[in-house]
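Me: I have a model open and would like to know what stands behind the labels people put on it. Could you take me through a few?

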Amino acid sequence: MSENVNLPAEDPGAARPGAKVQAWLQNLLGLGLLVVVAVNVGNAGSRYLFGVSPVGADELMVFLVIWVVMIGAVLSFFLRTHISVNLLPLYLKGRARLALYLVHDAAAVLACGYATWASWLFIGRIASIGVTSMGLGVPMTVPHAALLCGFAGLTLGGVVMFALDLVRLLRNDTGSEAGA
Amino acid sequence: MIASLVILPLLLMIAGTPIFLVFLTGVVVAMMFVLPLQPVALQQVLFGGFDNYALLAIPFFVFAGEMMSSSGIANRLIAWAMAMVGRVPGSLGVATVASSTALGAISGSSVAAVGALGKTLYPRLIAGGYGERRAGGLLASAGAIDIVIPPSIAMILYGMSAEQSIPQLFIAGVLPALLMALMLAAFVVFDAVRRGIPAEHGFSLTEALRATKKAFWALLMPVFVLGGIYLGVFSPTEAGGFACAYAIIIALLVYRTMSLADVVRAAGASAMLSAQILIVVAAASVVTWIMTTQGVPQALIAWIDAMQLTDVTFLLAVNLLLLVIGAFLDPTSAILVLAPLLVPIATSLGVDPVHFGIVMSVNLAIGMFTPPFGLNIFVAQQVTGLPAHTLYRGVVPFVVILVLALLIITYVPALSLTLGSSL
Amino acid sequence: QAQSTLKIATATINDVQHEWDKVFAEELEALVPGAVTTEIYPASQLGSIPRMSEGVLLGTIEAFTTPTSFMSNVDPRFQAFDVPGLFQTPEEVRAVIHDPEYREHLEEMFLDKGLRVIGAIYNSPTVLFTVDEVDSLAGIEGLKVRTFASPLQVQPMEQLGATPLPLALSEVIPQLQSGGLDGMLVGMPVLTAFKYYDVGSSILDLRFAEIVSLTVMNEGFFQMQTPEVQEAIIEAGRAAEEQVFSWGVENVERTYNVWTENGGQIHELSADDQAEMEAGFAEVTEAVLSSQPEVRAEYERILALVEAYRAE
Ligand code: NA
Ligand code: NA
């Protein structure tokens, strides 16, 4: 399958050594989604065929999807494939575009940094109360940790990309961004 | 609060910041400096934005769409649709509308329809001489039919928050959705005549039969999924999972167009696209939550109330309000917040709540592709690779057409209510 | 004094829970004018039930009105109110929740989880809604029935030979229509509010449990209030439930009428079936309670009050 919509032709930022990690992670997410499909089909199938429905199948699917989404969000951030109104970045070239990227990176550090902190506080509180999920009975810290990891990854991503973009801006090195 | 929740996000959006960061930054700045909210609320509401069984339909139908296009199922379906509508000028565009309607009868999320059709049809529309703007606009807008034709996630949510019967809403959506499809198709034909885009083929029975035979397994997919929903085999979300499983089996065992590794790669790409969509949904849910707790919807309602409206002017005002809100919010959040507030006013003015649900759904369906924020636009952007401004201009005629359809649907309640009462 | 905002959330609308919230807000305002701004968010406006439950635990929502069975993942003792056969009439519920000594205990029994009970409300009887007509225990066998994910709903249904399915509420109607589900255990007002008579017409009035709703408040919020406001919150809660009790009972009657007016049927089990079901439920209950001594202790305390009331 060659026409992968999520991959820009020119891979910016994390670049070549990251390509393998990216392909590996994306396949992992794919496997995650396939598991969700299997749970869904298996759940519905067993309900109709045998009248048996595993308690918490819905929850399992939702929790898995939350993990897939958060990891996918971090990966998309590095690839700059997140949904955006990309009018201005398309028209701007070179340093001006890098300056916009710095704004995006800074927003990620600020917003996701705060979200990571909020997530940390939240998980600490529900861990001490010991809330479990209604269906599976797993500690609610398990699905919530997806957001903690995801936002921590996005914050880190913001810091790394900010540093890389800043270095490029200062060196006036806009070559690698030309095709992105 | 206006600075952090309106001006700052607007600036970030213009700067091309990822939309989820646009929402999240606005919320975080508001929480840090303006609103007396605990930080843990952010995590809780974001999580709540994800934690919704109905939302599972999004990754399922994105993946089913991806499988449909990479396995060749969609191409065979579209070839079939074209063989069927061959004689009309602009047949490819009409086939797009027809395919979108058919897919809408399988899926509850219009994002999936745009994703599935865009990949297959966009290159062909370009090759057929429609031009980037028209092709992109058509793809983004045709997906809106999906929200109105059952099954519809929007209607399930409306039924729940407005306490209306979901089956009645589903039935009520059929004729309005067909009206939308007909008006879009009529425009496409008119446009093709005006611009000299010819019919792709003349209609031939042998060709139609050959296309039907070639598309047999592909045609069986909507039959299988739709029939599954209506004949009592599964719910819309389950139908999404079955559509994936069906497409995997067809691709691996029947058409043998994909290997197992291809399927994993397709799932990976779908997971990425779903992640990009769902993180926006979650971030939007925080904005909605803050607006709700800050009394923004209530203020809007009070404002409508103060204007002493009749049912006719109320519906007009609601349409305006929802078109504006739909420009910025996703239907899920908008319905969850607004339905419980607007429905009592509507019923007190003598508007049938089922009809009102259809009016809301059509409005928000249009909102799916009105700039600046519309998930269909973003998906069309992803799938076609077109820049936002091309799509923004491309959707304009389709917004006009569907707003006309909206006015008819709004002021001819019979369109929504006849089918339900005749059953 | 500093004004504070009290957000009360609930999943339903225009029912006794919502009514309690409204009356509580009025009472509180009358007791301490201007001290607290109460905002009511019905119909899950602040999120799904699990999210509201977390919200009140963490203090992002100050209070949450809900049937007890939705809080059993926070503290198993919430299940004590759901034990089959415990309550048989609304008056029995009232006798327990308004018993002065029990009332004080109830208000403070979840303080270790950071929750204070400020309202206890008679909600409605639990009935079995089915798409096809069912009027006997034999008819229940093999049915796929939606329940809450609480052992005291799941296991009794299993005991009757049905398949209990804890499903998301948004899936219930599509599943009922498509045959993925044959019925649901539910409070009567939910059936009419959501117009279930369009999907099926039969209910079986099992008479095995009365739903009790509680309003729980975040204790951190409560402790931040002045003693005067704290007193007023407790008073307003108690006063509100006195006022809405008869409203709630009448509302249940109204919903039975709405049900039959819309072509719905109401069945009851034969005396033999009823006795058989109650005996079976007693076994199930015994098994659940013996594995959870803290729930049993609470149940026995409530039962003693019910029995005292019955004896009167
Ligand atoms: Na649909
Ligand atoms: Na929009």
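Me: How many residue pairs are in polar contact across the interface of chain A and chain B, and what makes a pair count?
Reply: Happy to help! The rule finds 9 such pairs, both residues at pLDDT 80 or more. A pair counts when N or O atoms lie within 3.5 Å, one able to donate a hydrogen and the other to accept it; residues adjacent in sequence count only if both atoms are side-chain atoms. This is a predicted model, where local features need pLDDT of at least 70 and side-chain atom pairs 80 or more, while totals for chains, interfaces and linings use all residues. Residues are numbered from 1 along each chain as its sequence is written, chains are lettered from A in the order written, and side-chain values use heavy atoms, without hydrogens and water.

Me: How many salt bridges does the rule find across the interface of chain A and chain B?
Reply: It finds 0. A salt bridge needs a side-chain nitrogen of Lys or Arg within 4 Å of a carboxyl oxygen of Asp or Glu.

Me: What makes up the contact between chain A and chain B?
Reply: Chain A brings 67 residues and chain B 72, where contact means heavy atoms within 4.5 Å.

Me: Why is Gln230(C) called buried?
Reply: Its relative accessible area is 16%, and buried means under 20% (1.4 Å probe, protein chains only), so Gln230(C) qualifies. Leaving aside neighbours within four places in sequence, Gln230(C) is in contact with Phe222(C), Gln223(C) and Gln225(C).

Key
Buried < 20%, exposed > 50% of the residue type's maximum accessible area, 1.4 Å probe, protein only.
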